[in-house]
Amino acid sequence: MCKECGCGCNCDENCNCECCQNCKPVGMPRLNEPAPDFEAVTTHGTLKLSDYEGNWLVLFSHPADFTPVCTTEFVAFAEIYPELQKRGVELLGLSIDSVYAHIAWVRNIEEKFSIKIPFPVIADLSQDVSRAYGMIMPGVSKTETIRCVFVIDPKGILRAMIYYPLTTGRNMQEILRLIDSLQTSDKHGVATPANWKPGDKVIVPAPKTQEGAEERLNEGFDYTDWYLCKKDL
Amino acid sequence: MACVNADGTLTPIAQKVLSALEHPASVTEINQRSGVPLYRVRASMRELADLGMLEEVSELFYITEKGKNHLANKLP
């Protein structure tokens, strides 16, 4: 019997039948809270979220192996991997495919594009990880993960999420920009404005008192108004 | 298994990790000595410990005789 809906499908807790998959709860992680823990089979062996402690982690999902948009994304992720490494970031892919499908696809990409996929890919056949992270949107597909990006900091805290539909390949420069912004904010206690990129002015946190607002004009910032001041780093 | 091949020999990653244990070391030191990414060091340590090839005492890892034999290709 399905534990969730009580129907008589005669399945155990590891069942992957459509009824059980549809009944498994779908979580939705929240920013600035611990990222959902997992232990998963990957193309690099069994990995736990805690294995990444001390590094930033970009966990991303794709709909399926051997599909066109996903293939262009994997090539693009591999291309930015050296830039991510400079920032102390590891990459971890995921889809609801077997580890053998992942291995075959990664080898095919290497053959067709002459680029090695240097990061592991989770084979989430049980959908345990994808459901904990809200990667499945039943309105889009019940059997595929959509294009999600989760940025997890070195302490395991979820710091950013991006969700893309199946038809839109992700922008790697935006992922790098997001990480640069998070790391800059952490290091300097500032925020970053729209379209910010490293080297641009950053936003000084707005004062929290009327006295602070009055002093702001005299603090040497690039002053638009008391609540919007920028500075160079 | 990510550390042991089907024929019982160690994978290149496992060889690097065990080779970095000439002296007892922490996970971070093994990462620095071997050049293996931190997440893979942790995952490999877990698997190699399960296989009895290393031991952990007070957050320091020691290679066992079984680990040394595997590293020298002297399989049990």
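The following questions and answers deal with a predicted model of two chains, A and B, and with the reasons for the terms used to describe it.

User: Why is Gly156(A) called partly exposed?

Analyst: Gly156(A) has 17 other C-beta atoms within 10 Å. A residue is buried at 20 or more and exposed at 12 or fewer, with partly exposed in between. The count of 17 falls between these limits, so Gly156(A) is partly exposed.

User: Where in chain A is Gly156(A), and which residues does it touch?

Analyst: Gly156(A) sits in the loop that runs between strand S6 (147-152) and strand S7 (158-164) of chain A. Leaving aside residues up to four places away in sequence, Gly156(A) touches Pro34(A), Ala35(A), Leu49(A) and Glu53(A). Ala76(A) is 80 residues from Gly156(A) along the chain, and their C-alpha atoms are separated by 25 Å.

User: What makes Gln127(A) worth a remark about phi?

Analyst: Most residues other than glycine have a negative phi. Gln127(A) is not a glycine, yet its phi is positive, at about 65°. Gln127(A) belongs to the loop between strand S5 (121-123) and helix H4 (128-132) of chain A. With 19 other C-beta atoms within 10 Å, Gln127(A) is partly exposed, because a residue counts as buried at 20 or more.

User: Which value of phi does Glu59(B) have, and is Glu59(B) buried or exposed?

Analyst: Phi of Glu59(B) is near 65°, a positive value in a residue other than glycine. Glu59(B) lies in the loop between strand S1 (54-57) and strand S2 (60-63) of chain B. It has 9 other C-beta atoms within 10 Å. The limit for exposed is 12 or fewer, so Glu59(B) is exposed.

User: Why are S8 and S9 of chain A said to stand at the edges of their sheet?

Analyst: The sheet is open, and its three strands come in the order S8-S10-S9, with antiparallel pairing. Strand S8 (202-204) and strand S9 (222-225) each have a single partner strand, so one side of each has no neighbour in the sheet. From one strand to the next, the twist averages 30°.

User: How do you know that S10(A) pairs with S8(A) and with S9(A)?

Analyst: Two strands pair if there are at least two bridges between them. S8(A) and strand S10 (residues 228-231) of chain A have three bridges, in the antiparallel sense. S9(A) and S10(A) are also joined by three bridges and run antiparallel. Three meets the requirement of at least two, so both count as pairs. In the S8(A) pairing, Val204(A) has Cys229(A) in S10(A) as its bridge partner. Asp225(A) stands opposite Leu228(A) in S10(A). S9(A) leads to S10(A) by a hairpin of two residues.

User: What describes the packing of H2(B) and H3(B)?

Analyst: Two packed helices are described by the angle between their axes and the distance between the axes. Helix H2 (residues 27-34) and helix H3 (residues 38-50) of chain B have axes that come within 9 Å and cross at roughly 115°. Their crossing is right-handed.

User: Which residues of H2(B) and H3(B) meet, and of what class are they?

Analyst: H2(B) brings Val27(B), Ile30(B), Asn31(B) and Ser34(B), which meet Leu38(B), Val41(B), Arg42(B) and Met45(B) of H3(B). By class, this contact has five nonpolar, two polar and one charged residues. Asn31(B) and Ser34(B) are polar and Arg42(B) is charged, because Arg is on the charged list while Asn and Ser are on neither the nonpolar nor the charged list.

User: How many residues does each chain give to the contact between A and B?

Analyst: Chain A gives nine residues and chain B gives eight residues. On the side of chain A, strand S2 (residues 45-48) supplies the largest share, three residues. The residues on that side divide into two nonpolar, five polar and two charged.

User: What is the make-up of chain A as a whole?

Analyst: Chain A has six helices and ten strands. It is divided into domain 1 (25-169) and domain 2 (189-231), whose C-alpha centres lie 36 Å apart. Of its 233 residues, 26% count as buried.

Key: Residues are numbered from 1 along each chain as its sequence is written. Chains are lettered from A and ligands numbered from 1 in the order in which they are written. This is a predicted model: local features need pLDDT of at least 70, side-chain atom pairs count only at pLDDT 80 or more; totals for chains, interfaces and linings use all residues. Axes are lines fitted to C-alpha atoms, for helices over the stretch in contact, and angles run from 0 to 180 degrees between N-to-C directions. Helices (H or I, at least four residues) and strands (E, at least two) are DSSP runs, numbered from the N terminus. A crossing is left-handed if the near helix is turned anticlockwise from the far one by less than a right angle, and right-handed if clockwise. Two residues are in contact if their C-beta atoms, placed from the backbone, lie within 7 Å. Domain bounds come from an automatic or database domain assignment.
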